[in-house]
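Biologist: I'm new to this one and would like a close look at a single part. Could you walk me through how the helices pack against one another, and point out anything odd in the backbone along the way?

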Amino acid sequence: MDQIGRIFRPPSEAESLLLQVTVGCSHNECTYCAMYDLPEQGFRVKPWATVQADIAEAARFSAEVMPIRRVFLCDGDALILPQAHLVRILEELHRAIPSVRRVGIYGDARSILRKRPEDLARLKELGLGIVYHGVESGDDEVLEAVNKGSTAAEAARAAALLREAGIRHSVMVMLGLGGREGSARHAERTAALLTEMDPPFVGALTTTVVPGTPLAAAAADGRFVLPDPWGMLEELQVLIRDSRFTRCRFHSNHASNYLPLSLNLPADRDRALDTIAMILARRRPGDLKPEGLRGL
Ligand code: SF4
């Protein structure tokens with residue numbers, strides 16, 4: 001398989017074939033992100049011949065070794081691909097590897113909103129089952145400060161479009177992204193946005209200041225101060241307390257988090273809030289994941 005640079009995928013795509021159809025991220029300006037900062041990771045669409053050869057190789061594996069059921073299209077925001085190109089990839093996957101049951105992809109509000117409802121319906125028909133969307137915050141001031149390139153209202157519109165097309169929506173938000181000063185507002189507005197979006201999956205990650213990023217520069221000169229672990233937990237508390245979901249699998253078990261939780265909301269809300277309240281009341285560092293065990 002032709003793979004350029006570092007390949008990222010959501011945890012739930014661990015068993016999937018990782019098919020790189022674009023390189024890098026078409027936006028690549030979020031101030032906290034260093035995912036695609038290698039020189040060879042400048043954004044581009046991979047040539048059709050390369051993608052086709054990879055699908056052929058995967059098809060041989062699927063036929064001779066083990067049927068491939070799931071595919072994840074990389075890199076950062078592959079949904080930005082022009083509709084005709086994405087349709088061609090999905091049609092070829094469907095034809096060459098008939099065992100594929102679901103295709104997943106990263107998308108953001110910009111790339112989702114570029115699609116018309118009938119485009120998304122066609123992608124769904126061709127097997128696109130889930131879009132992973134880094135929403136990060138419901139607070140437009142935070143989104144602007146981190147150069148997210150989209151607003152909370154756009155994220156809500158993107159959620160409605162995906163729901164209408166029957167494509168599952170997995171949303172990531174970032175604890176601490178508003179800094180210590182903006183912490184309460186970031187948490188409250190993110191809970192409000194999650195309520196409006198009502199996605200079936202939410203993952204809460206903890207902001208990590210990655211060396212070399214603009215956020216690290218802001219942290220170095222005091223323009224950005226990360227909340228402490230208790231502040232992060234207070235934000236998680238607000239998200240779980242104030243978000244209203246029809247039915248949501250809510251995770252805070254990403255490697256970056258201080259308190260790993262895996263919840264069905266709303267069913268598990270009270271139990272989770274009791275646990276968080278207890279930990280916040282006694283403030284024992286031993287209740288949180290040690291810094292050395294946290295990852296990006
Ligand atoms: S859109 Fe995602 S991959 Fe691209 S720069 Fe922002 S966080 Fe990084």
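Modeller: What follows is a walk along the helix packing, with a few backbone oddities and the ligand's surroundings at the end. Keep in mind that this is a predicted model.

Let's start with helix H4, residues 117–125, and helix H6, residues 152–165. Their axes sit 9 Å apart and the two helices pack at an angle of about 50°. That angle is why H4 counts as oblique to H6. The crossing is right-handed. On the H4 side, the residues that touch are Pro 117, Leu 120, Ala 121 and Lys 124, and they meet Leu 161, Leu 162, Glu 164 and Ala 165 of H6. Sorted by class, this contact of H4 with H6 has six nonpolar residues, two charged ones and no polar ones.

H6 also packs against helix H7, which covers residues 183–197. Here the angle is about 25°, with the axes 9 Å apart. H6 and H7 are therefore roughly parallel to each other. Their crossing is right-handed. Four alanines of H6 take part, namely Ala 152, Ala 155, Ala 156 and Ala 159, and they meet Arg 189, Leu 193, Glu 196 and Met 197 in H7. By class, the contact of H6 with H7 comes to six nonpolar, two charged and no polar residues.

Now follow H7 on to its other partner here, helix H9, made of residues 229–242. The axes of H7 and H9 come within 8 Å and cross at roughly 30°. So H7 is roughly parallel to H9. This crossing, too, is right-handed. From H7, the contact takes in Ser 183, His 186, Ala 187, Glu 188, Thr 190, Ala 191 and Leu 194, while H9 brings Gly 231, Glu 235, Val 238, Leu 239 and Asp 242. The class tally for H7 with H9 is five nonpolar, four polar and three charged residues.

On to the backbone oddities. Most residues other than glycine have a negative phi, and most peptide bonds are trans. Asp 198 is not a glycine, yet its phi is positive, about 50°. You'll find Asp 198 in the loop between H7 and strand S8 (201–206). Arg 283, which follows helix H10, has a positive phi as well, near 45°.

H10 itself runs over residues 269–282, and its length checks out: at 1.5 Å a residue, its 14 residues should span 20 Å, and the end C-alpha atoms are 20 Å apart, so the two agree.

As for cis peptide bonds, have a look at the one from Leu 265 to Pro 266, with omega near 15°. Pro 266 is in the loop between strand S10 (262–265) and H10. Another cis peptide bond joins Cys 74 and Asp 75, where omega is about 10°. Asp 75 has its place in the loop between strand S4 (70–74) and helix H2 (83–96).

Last stop, the ligand. The residues surrounding the ligand include Gly 76 and Asp 77. Also in that shell are Cys 25, His 27, Asn 28, Glu 29, Cys 30, Cys 33 and Met 35, along with Asp 108 and Gly 134. By class, the shell around the ligand divides into four nonpolar, four polar and three charged residues.

Key:
Residues numbered from 1 in each chain as written. Predicted model: local features only at pLDDT ≥ 70, side-chain atom pairs only at ≥ 80, totals over all residues. Near = placed C-beta within 6 Å. Nonpolar A, V, L, I, M, F, W, Y, C, P; charged D, E, K, R; others polar. Axes fitted to C-alpha atoms, helices over the stretch in contact; angles between N-to-C directions. Parallel < 35°, antiparallel > 145°, perpendicular 65-115°, else oblique. Left-handed = near helix turned anticlockwise from the far one by under 90°. Contact = placed C-beta atoms within 7 Å. Expected span 1.5 Å × (residues − 1).
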